[in-house]
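Trainee: Please take one part of this model, the side of a helix that is turned inwards, and describe closely what surrounds it. Please then place that part among its surroundings.

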Amino acid sequence: MEAVSVTEFRNNIKKYLDIAKEEELVIYRSKNESFVITPLKKIDKDISLLSTAQKKAIDEALDDVANGRVHSHESVREETKKRFPHLFNR
């Protein structure tokens, strides 16, 4: 693993992107912030940008739609008006 400063990376981008093809490249900057550069082709294809909780919520929502467990826009709007009338008095 190679580690460089933002300034060094900026001054030699091509060099460090070539290095990142072979190994992880850590770019560090002030205030304890660091970043890792990794080519997308090296990232496991099973990795998703969604968390497990987000995937579960999407699956549950799709199941609700498939099984007719949905509400019309108008019914949701009316229920929202009842619960939060101050949002509609603007």
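**Helix α2 and its surroundings**

Mentor: The buried residues of helix α2 pack against β1 (2-5), α1 (6-11), β2 (25-29) and β3 (contact: heavy atoms within 4.5 Å; helices, H or I, of at least four residues and strands, E, of at least two are DSSP runs numbered from the N terminus). The model is predicted, so local features need pLDDT of at least 70 and side-chain atom pairs pLDDT 80 or more, while totals for chains, interfaces and linings use all residues. Residues are numbered from 1 along each chain, and side-chain values use heavy atoms, without hydrogens or water.

Helix α2 comprises residues 13-20, and its buried residues are Tyr 16, Ile 19 and Ala 20 (buried: under 20% relative accessible area; exposed: over 50%; partly exposed: in between; 1.4 Å probe, protein chains only). These three cover an arc of only 100° around the axis, so they lie on the same side of α2 (the arc is taken from the directions from the helix axis to the C-beta atoms).

Tyr 16, Ile 19 and Ala 20 also belong to the largest nonpolar core, which has 7 residues and is completed by Val 4, Phe 9, Leu 25 and Ile 27 (a core: buried Ala, Val, Leu, Ile, Met, Phe, Trp, Tyr and Cys joined through side-chain atoms within 4.5 Å). Both α2 and β2 supply at least two residues of this core. The largest share, 3 residues, comes from α2.

Ile 27 of this core leads on to other parts of the chain. Leaving out residues up to four places away in sequence, Ile 27 touches Val 4, Ser 5, Val 6 and Phe 9, and also Glu 33, Ser 34, Phe 35 and Ile 37.

Among these contacts, Glu 33 is also a salt-bridge partner. Glu 33 is paired with Arg 29, and their closest N and O atoms are 3.3 Å apart (a salt bridge: a side-chain nitrogen of Lys or Arg within 4 Å of a carboxyl oxygen of Asp or Glu). Glu 33 counts as partly exposed because its relative accessibility is 35%. Arg 29 has a relative accessible area of 45%, so Arg 29 is partly exposed as well.

There are 7 salt bridges in the structure. One of them joins the side chains of Arg 69 and Asp 64, with 2.8 Å from N to O. Arg 69 is partly exposed, at 44% relative accessible area, and Asp 64 is partly exposed at 28%. Elsewhere, Lys 14, Asp 18 and Lys 21 are joined into one network by salt bridges that share partners.

Helix α3, residues 52-66, offers a further pair. There, the side chains of Glu 60 and Lys 56 meet in a salt bridge of 3.8 Å, N to O. Because these two residues are 4 residues apart in α3, about one helical turn separates Glu 60 and Lys 56. Glu 60 counts as partly exposed, at 43% relative accessibility, whereas Lys 56 is exposed, at 51%.

The loop between β3 (33-37) and α3 contains Leu 50. With 39% relative accessibility, Leu 50 counts as partly exposed.

Finally, Phe 88 lies in the segment after α4 (73-83). At 31% relative accessibility, Phe 88 counts as partly exposed. Apart from neighbours within four places in sequence, Phe 88 is in contact with Arg 77, Thr 80 and Lys 81. Phe 88 and Arg 77 are 11 residues apart in sequence, and their C-alpha atoms are 10 Å apart in space.
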